[in-house]
Amino acid sequence: MKIDNSVNFLNSSINPKVESKGDGVPAILERISALRSLSGVDGANLMISDELLNGELTSRQEISNSQNSIAMMQIADDTLSSLSSGASQIGELSVKANSGILNSEQKSMINAEVKAIKESMQDSINSTSFNGKSLQEFSSINLENINISELSADDLNTIEDFSKNINRMRSDI
């Protein structure tokens, strides 16, 4: 097809308002070109559009990943906070148990309470997960290396060391 035939076709099919302005064929072709580039028919424009869309989708995924990481770290911090609270409770009970004013029955009750707190702490470690997976799969925080069995109402130093270790882990978050 010759350009002359295309121009004749364009002249006959273009809105009469355009023809009445006397813009001529170059202005009409420029408008068609502008419409074509806006509609994305041009390969270069499609590539640019795809790159922009890809960049937007990538940014959205990065934001989603960041939000998931924050949520995971909040779960880990909440678990460590719970362990710290449990250690504080055991520390308080240790001070009571070692005060010298309690009889053996009262010390036995304190030991039973310490045992319950330790079981609760171990349950926190065992049940901590993010999207159904253990935190060990996602982060460097290794909750399974926390040894709760060493905590005892009889040894306040061990409780303090445990608390320091938990606080160190929390500061890593």
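What share of the contacts in the protein with a separation of 6 or more is accounted for by residues 24 or more positions apart? In the predicted model examined here, residues 24 or more positions apart account for 63% of those contacts. The protein contains six helices and two strands, and from the N terminus on these elements follow the order α-α-α-α-α-β-β-α. Of the 173 residues in the protein, 24% are buried.

The packing of helices α4 and α5 is considered next. Two packed helices are described by the angle between their axes and the distance between the axes. The axes of α4 and α5 come within 10 Å and cross at roughly 170°, and because angles over 145 degrees count as roughly antiparallel, this crossing makes α4 roughly antiparallel to α5. On the side of α4, the contact is formed by T79, S82, L83, G86, A87, Q89, I90, L93, K96 and A97, while α5 contributes K107, I110, E113, V114, I117, K118, M121, S124 and I125.

Helix α5 itself comprises 24 residues, for which a span of 34 Å is expected at 1.5 Å a residue, and the separation of 34 Å between its end C-alpha atoms agrees with that expectation. At its N-terminal end, α5 is capped by N103, a side-chain oxygen of which lies 3.1 Å from the backbone nitrogen of E105. The buried residues of α5 are I110, V114, I117, K118, M121, S124 and I125, and the elements that cover them include α4 and α6.

Helix α6, formed by residues 156-172, has 17 residues and reaches 25 Å from its first C-alpha to its last, a value close to the 24 Å expected at 1.5 Å a residue. The N-terminal end of α6 is capped by D155, where a side-chain oxygen lies 3.3 Å from the backbone nitrogen of N157. Within α6, the buried residues are T158, I159, F162, S163, I166 and M169; seen down the axis of the helix, these residues fall within an arc of 135°, so they line one face of α6. The buried residues of α6 pack against α4 and α5, whereas the face turned away from the buried side carries the exposed residues N157, D161, K164, S171 and D172.

Two individual residues, M169 and S84, illustrate the surroundings of α6 in further detail. M169, which lies in helix α6, has a relative accessibility of 13% and therefore counts as buried, given that the cut-off for burial is under 20%. When neighbours within four places in sequence are left aside, M169 is in contact with L80, I141, N142, L143 and I146. One of these partners, L80, is 89 residues from M169 in sequence, yet the two C-alpha atoms are 7.7 Å apart in space.

S84 is located in helix α4, which covers residues 43-97, and its relative accessibility of 14% means that S84 also counts as buried. Not counting residues up to four places away in sequence, S84 touches I166 and N167. Of these two, I166 is listed among the buried residues of α6, and the contact between S84 and I166 accords with the packing of the buried residues of α6 against α4 and α5.

Terms used: Residues numbered from 1 in each chain as written. Predicted model: local features only at pLDDT ≥ 70, side-chain atom pairs only at ≥ 80, totals over all residues. Heavy atoms only, no water. Helix = DSSP H or I, 4+ residues; strand = E, 2+ residues; numbered from the N terminus. Buried < 20%, exposed > 50% of the residue type's maximum accessible area, 1.4 Å probe, protein only. Contact = heavy atoms within 4.5 Å. Expected span 1.5 Å × (residues − 1). Arc of directions from axis to C-beta. Polar contact = N/O pair within 3.5 Å; in protein donor to acceptor, adjacent residues only side chain to side chain. Axes fitted to C-alpha atoms, helices over the stretch in contact; angles between N-to-C directions. Parallel < 35°, antiparallel > 145°, perpendicular 65-115°, else oblique.
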